[in-house]
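Here is a short briefing on one structure. Look at the sequence and the 3D view, then read on.

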Amino acid sequence: MLEQAAPGESQKKKIAESSQAPLPPLQGAEIGNVVTRFPPEPSGYPHIGHAKAAIIDEEYAHMYNGKFILRFDDTNPLNEKLEYYEAISEGLEWLGIRPDIVKNSSDDIQLLHEYGKKLILSGGAYVCTCNQKTIHDLRARGLPCECRNDLNVALDRLKKMFDGSFEHNAAVIRFKGDMSNQNTAMRDPTLFRIIDGEHPKIGNKIRLWPTYDFAAPVEDSIDGVTHAMRTKEYELRNALYFAILDRLGLRKPLLIEFSRLEFNGVPISKRKIKPLIEKGIVKSWSDPRLPTLMGIKRKGFLPDAIRKFVLSLGLTLAETKPPVETLEAFNRKIIDSYCMRLFFVKDPVELQIQNVSSKEIILKNHPNNDLGTRKVPVSDSFYISAEDAAKLNINDEIRLMDLYNIKIIKFEPNQTRKALIAAAIPENIRQGIPKIQWVAKSDAIPYKVMITRELYLGEKYNPNSLEICEGYAESFVSMLNIDTRIQFVRFGFCRIDDSNNAIFTHR
RNA sequence: GCUCCGGUGGUGUAGUCCGGUUAAGCAUUUCGCCCUCUCAAGGCGACGAUCCCGGGUUCAAAUCCCGGCCGGAGCACCA
């Protein structure tokens, strides 16, 4: 007894040490025997909410040396599309999540049918031909309908369910639950319905499709899932989940719920995003303002930051909207060490230096780490940002970073700051002097940085959710590959979107 | 309306099951200092929570019990 307990304890310690993941231990989990699953419906593009679920599922499987299954819950041919299967797979791959098994619920459609039949045959379910409204009303009132009572009727209709005699939506298979149960999920929920539609994987041969309520528990059970995690809006269906497995005599996984992940001002539902895309307000599903994986990626976030962030949220039932700043902090710490520091000036203002000649200087790409250097040709003409120029007065001394100090002599035209004339000061860098970034006129390329903010302010679309900053960047920037992450000094971290555009990630 | 689930500093969480040994740990945010040719990162520090409220049990409650308030979810032939 003691000897058996000991290795378990040491294994637990190992887990605690090896994993930075602060996830709590899983109830009843044994090393090597944990199976988790991520069951998205391929009916849309994956978003941060999917990421949370998938990361937790995978993390636990990994933590216990178990298996992680990606199962497309494609039981409604009206919703599923091939491109979504792929988008989800790609999204997970980007997140660095590699499933041990990939499957579709629709792969098991025959088996699901068998279990459905079995349930009716054993009196655990029946075929209901009432119309939707009647079903709804009776459920609301907690009353049974005629269909539920006669097994012979059910058997007769069962045949018709399969031989195609019923029209689309003409009949459903219902669980024989408890019509007066407090938990409305138990009031004879629909388990199968007839849908005429082309399924992307199955075609139109199959018309009888299980609902989530039926497919999820059966699939989890036969897939060997030990710990089934889902978001907390399913909590009331737990009883149903277990009741179905009970009646079918199938093994029961452990169910664990956690809260959904959402951000303030960032709509996550298709319902809210689609109209924005249709109206052209948001260009595509990869718009950096969206919480889609494509959008988040485009904005410049790293999968690793997302993982750390998700794990920092923990498994809680409390509904909260964590601030995006936390995600940004994780991201910033990761990318800081390898982002080149480059110059970009927003709203450029010309700067003429009087007493200097042209030369080529060498700039370091990172202050602390060796990321190489670059050569920049400079003459006596520069651009600095209007924001910096606005703060300057005659006789002020500032430093052009990595170059030299200057003293402002006059504004051109007089008293406006449209252009500045300054003199270089033969003095070395000193502490306390303001330092600003610059772009040499001879090396400047027109450049734009897209800044995104939350799409919604309260319930209203935020018209300022997208700002384009125009200015000049040093020409070096144009040689960077798309997807490169950089820091524009004193501006913020950005991701190169194309040769003369970047997207602001965060400061 | 009915049922279920939540409620810890500005924010996200740990601790709550097995009540005391931390009257509350971590992260983030904000501010200050150090470092620094960035408004980044790093280092140090500070501010900040009567643990939703009111009762009760107990020598002792964030932790147990009761009531209330607030928030969310479910009540689909969607998942």
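In this predicted model, a polar side-chain atom of Asn76 sits 3.5 Å from a sugar or linking oxygen of RNA strand B. Thr75 also reaches the RNA: one of its polar side-chain atoms lies 3.4 Å from a phosphate oxygen of strand B. The points below start with the RNA, then turn to the helices and the backbone.

**The surface around the RNA**

- Strand B is surrounded by 53 residues.
- The closest of them are His136, Arg193, Lys333, Arg341 and Arg490.
- His136 has a polar side-chain atom 2.8 Å from a phosphate oxygen of RNA strand B.
- Which part of the RNA do the atoms within 4 Å of the protein belong to? Sugar or phosphate accounts for 69% of these atoms of RNA strand B, and bases for the rest.
- By class, the surface near RNA strand B holds 20 charged, 17 nonpolar and 16 polar residues.
- Helix H5 (132–141), strand E6 (190–194) and helix H12 (324–335) each give this surface at least two residues.

**Helices H11 and H12**

- Helix H12, which supplies residues to the surface near the RNA, also packs with helix H11 (residues 303–313).
- The axes of H11 and H12 come within 8 Å and cross at roughly 135 degrees.
- H11 is therefore oblique to H12.
- Their crossing is right-handed.
- From H11, the residues that meet H12 are Asp304, Ala305, Ile306, Lys308, Phe309 and Ser312.
- Their partners in H12 are Thr326, Leu327, Phe330, Asn331 and Ile334.
- This contact of H11 with H12 divides into 6 nonpolar, 3 polar and 2 charged residues.

**Helices H2 and H11**

- H11 also packs with helix H2 (residues 48–63), at an angle of about 80 degrees.
- The axes of H2 and H11 are 10 Å apart.
- The angle makes H2 roughly perpendicular to H11.
- H2 brings Ile48, Ala51, Lys52, Ile55, Ile56, Glu58 and Glu59 to the contact.
- H11 meets them with Ile306, Arg307, Val310 and Leu311.
- The contact of H2 with H11 has 7 nonpolar and 4 charged residues, and no polar ones.
- Ile306 of H11 meets H12, and Ile306 also meets H2.

**Helices H7 and H8**

- Helix H7 (residues 212–222) and helix H8 (residues 238–248) have axes that come within 9 Å.
- These two axes cross at roughly 60 degrees.
- H7 and H8 are therefore oblique to each other.
- H7 passes H8 in a right-handed crossing.
- On the H7 side, the contact uses Asp213, Phe214, Ala216, Pro217, Val218, Asp220 and Ser221.
- On the H8 side, it uses Leu240, Tyr241, Ile244, Leu245 and Leu248.
- By class, the contact of H7 with H8 has 9 nonpolar, 1 polar and 2 charged residues.

**Backbone details in two loops**

- Is the peptide bond from Glu412 to Pro413 cis or trans? The bond is cis, with omega near -10 degrees.
- Pro413 lies in the loop between strand E17 (405–412) and strand E18 (419–425).
- Asn169 has phi near 70 degrees, a positive value in a residue other than glycine.
- The loop that holds Asn169 runs between helix H6 (151–163) and strand E5 (172–175).

How values were computed: Residues are numbered from 1 along each chain as its sequence is written. Chains are lettered from A and ligands numbered from 1 in the order in which they are written. Side-chain values use heavy atoms; hydrogens and water are left out. Axes are lines fitted to C-alpha atoms, for helices over the stretch in contact, and angles run from 0 to 180 degrees between N-to-C directions. Helices (H or I, at least four residues) and strands (E, at least two) are DSSP runs, numbered from the N terminus. Angles under 35 degrees count as roughly parallel, over 145 as roughly antiparallel, 65 to 115 as roughly perpendicular and the rest as oblique. A crossing is left-handed if the near helix is turned anticlockwise from the far one by less than a right angle, and right-handed if clockwise. Contact means heavy atoms within 4.5 Å. Ala, Val, Leu, Ile, Met, Phe, Trp, Tyr, Cys and Pro count as nonpolar, Asp, Glu, Lys and Arg as charged, and the others, Gly among them, as polar. A residue is near a molecule or strand if one of its heavy atoms lies within 4 Å of it. A polar contact is a pair of N or O atoms within 3.5 Å; within protein, one must be able to donate a hydrogen and the other to accept it, and residues adjacent in sequence count only if both atoms are side-chain atoms.
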